[in-house]
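User: I'd like to go through the labels on this model and hear what backs each one up. Can you take them one by one?

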Amino acid sequence: MSIGLQEAFDALFIAPFATHRWESERARSHWVDLECWQDSIAGPVSSIVETGGCEYVYARDDWYFAEVNDPESLRAKLSEWLMGLSAGVERFKPTSPHEDADLQFMRDVTSRMEQLIEQACAIERSRWSNK
């Protein structure tokens with residue numbers, strides 16, 4: 001798909017672990033604890049970024065993708081998971097300037113994830129309407 005989307009995906013889902021220089025171990029540990037939310041979002045978004053769609057989610061009838069049967073319900077599920085991630089980020093209470101900087105980083109990543117979700121869902125809506 002688009003190089004811009006792939007770069008954005010890598011920056012949001014890979015770089016925070018691989019290349020970001022965390023200011024505090026406590027904040028990094030907190031971010032790692034939120035990995036389940038990140039992974040939930042990453043699956044469908046990665047599929048859209050890499051293949052132009054995520055048809056696999058509609059065929060699954062399990063608790064993970066319950067009631068996800070079209071692009072709008074997929075967007076709603078991704079938004080739900082993003083809200084969980086954002087709430088988790090906000091539970092982090094910094095106790096130092098270093099931790100405050102890490103909190104700002106986590107907030108920034110989460111905000112940019114929201115933008116990437118919207119872009120990915122627009123691609124999925126387009127693919128869906130052209131089926």
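User: Why is D108 called partly exposed?

Analyst: D108 has 37% relative accessibility, and partly exposed covers what falls between buried (under 20% relative accessible area) and exposed (over 50%), with a 1.4 Å probe and protein chains only. So D108 counts as partly exposed. R112 gets that label too, with a relative accessible area of 30%. Keep in mind that this is a predicted model: local features need pLDDT of at least 70, side-chain atom pairs count only at pLDDT 80 or more, and totals for chains, interfaces and linings use all residues. Residues are numbered from 1 along each chain as its sequence is written, and side-chain values use heavy atoms, with hydrogens and water left out.

User: What makes D108 and R112 a salt bridge?

Analyst: The term asks for a side-chain nitrogen of Lys or Arg within 4 Å of a carboxyl oxygen of Asp or Glu. The closest N and O atoms of D108 and R112 are 3.1 Å apart, so they form one. Both sit in helix α7, four residues apart, about one turn of the helix. Helices here are DSSP runs (H or I, at least four residues), numbered from the N terminus.

User: How many salt bridges are there in the whole structure?

Analyst: A search finds nine. E99 and R26 form one of them, with N and O 2.5 Å apart. That pair links distant parts of the chain, 73 residues apart: E99 is in helix α7 and R26 in helix α3 (residues 25-33). There's also a network of salt bridges linking E55, E124 and R127.

User: Is E99 buried or exposed?

Analyst: Its relative accessible area is 7%, so E99 is buried. Its partner R26 is partly exposed at 37%.

User: Why is α6 called roughly antiparallel to α7?

Analyst: Their axes cross at roughly 175° and come within 10 Å, with α6 spanning residues 71-90 and α7 residues 97-129. Angles over 145 degrees count as roughly antiparallel, so α6 gets that label relative to α7.

User: Which kinds of residue make the contact of α6 with α7?

Analyst: They divide into 12 nonpolar, two polar and eight charged. The contact (heavy atoms within 4.5 Å) includes L78 and L82 of α6 and M113 and I117 of α7. E90 of α6 and R107 of α7 are also among the residues in it, and their side chains meet in a salt bridge at 2.8 Å, N to O.

Definitions and conventions:
Axes fitted to C-alpha atoms, helices over the stretch in contact; angles between N-to-C directions. Helix = DSSP H or I, 4+ residues; strand = E, 2+ residues; numbered from the N terminus. Parallel < 35°, antiparallel > 145°, perpendicular 65-115°, else oblique. Nonpolar A, V, L, I, M, F, W, Y, C, P; charged D, E, K, R; others polar.
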